[in-house]
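Me: I should like to understand the enclosed spaces of a protein structure. Please show the structure and explain the terms as they arise.

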Amino acid sequence: MRNWKTALTVFSLDWLLMSGSYTLMFPFLPVYLANDLGCAKADLTFWSSACFSIQFVFSCLLSPLWGRIADRFGRKLMLLRASSMLAVAYCVCIFVTTPLQLFLARAFMGFACGITPVILAMASETVPKEKTGLAMGILQSMNVLGSVVGPLAGGMIAQYLSVRYTFVITTCALSIVPLLSLVFIHEPKRPHLSAPAQDHVHLGSILGNKAILSVLVIATLSFLILMLQASVLTPYVNDLSGAQADGIVLSGVVFSLQGISGALASPWWGIQGQRRGFLACLIAAMISASIFYALLAVPETLLPFACLEFLSGMCLAGIVPMINALLVQVTAPRDRATAFGLLYSFQEGGAGSGPLLGGFIAATCGMWALFVSGGVMLLLCAVLLAYFSPQSLKRPNLRKVTP
């Protein structure tokens, strides 16, 4: 790329728009099913779970394939494909009238996956090596900033208008992504693989790399923990506040607190990772996050719970950029989109399992058990990383890898 700062700015805007669009409607999907699509109360849990999970299923299965295609035939082309298809998928959601139609539209969203791995791969090869940590922190900051704007705006829209309007706004926002990418992103030419059979060789070598596999596994566990609260936070906030008229708005505000603190803290984590080592900062982020996550079990009123959500978000913000930077550290540039496709697939697997596990824990043992379990799992992940990580992950700076 001719100007890495311009490219990073465009990547950041793309990610902000995608994250904000997703979280604009995601917390309020059950409200859309009940109020706009006429889903019976007895069937609401089933359709909410089905519509939520199907996108993760398709994303999990297809992300490595899209990543490999991007490495072979062009990452900008893949970015344009995915962003355009995603805008169409959200547009379809405006006109659905039954839960089954929404389920099929969400499945198409999963099929349209591939934006995140491509953006990360292109950013990793665009910015100078000494700026990788900062770049990953900025991208994660845009991601969590979108998760702030989305629930706040979505809560207001759902409360006073209809969730259907969120899909209109989402479609407009996502339509900007391919336009920005088409005009401002210029992909450098690179030699691509000549033999189709080499796909299997490279994919096998990537998964056979212990360092890469360690990053993928820890990413799965991290996203499982990050999503534990997703399916139960809204009713829990309503219980803590005792509010009725503004319950949805309050839920959106609390849902955004981790994003607010994460947007503030992510660039700092990226800089610290570049200076002190990405693995060391990942372990530090997990240990500190485990403390605040477990403490969420203590408050019985909304204000202290909201404060702890904010503090936990500052610690959790260090996890994703460190994982992304570690993957850059141990992956050859020619295989970055494939590696990030695998990472996204593993993350989606964790993200799809998290709400199911969180709902089960909350239903059987209570919300206190969910928060304590999340804290304990984060601490165990940090211990495993500290004692069993491959040596290549422990290097303080990005190593030079051969294209």
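The exchange below concerns the cavities of this structure.

Reply: This is a predicted model, in which local features need pLDDT of at least 70, side-chain atom pairs count only at pLDDT 80 or more, and totals for chains, interfaces and linings use all residues. Residues are numbered from 1 along each chain as its sequence is written, and side-chain values use heavy atoms, with hydrogens and water left out.

Me: What makes a space in the protein a cavity?

Reply: On a 1 Å grid over the protein atoms alone, a cavity is a set of points where a 1.4 Å probe fits but cannot get out. A search of the whole structure finds two cavities of 30 Å³ or more. A volume is the space filled by probe spheres set on the points, which are joined across faces, edges and corners. The largest cavity has a volume of about 1200 Å³, and the second largest has about 30 Å³.

Me: Why are Ser-214 and Val-215 called lining residues of the second largest cavity?

Reply: Lining residues have an atom within 4 Å of a point. Ser-214 and Val-215 are therefore counted, together with Ile-218, Leu-279, Leu-282, Ile-323, Leu-326, Leu-385 and Leu-393.

Me: What is the lining of the second largest cavity by class?

Reply: Ala, Val, Leu, Ile, Met, Phe, Trp, Tyr, Cys and Pro count as nonpolar, Asp, Glu, Lys and Arg as charged, and the others, Gly among them, as polar. By this division, the lining has eight nonpolar, one polar and no charged residues.

Methods:
1 Å grid on protein atoms, 1.4 Å probe; cavity = no way out; pocket = protein on both sides within 12 Å on 5 of 7 lines; lining within 4 Å.
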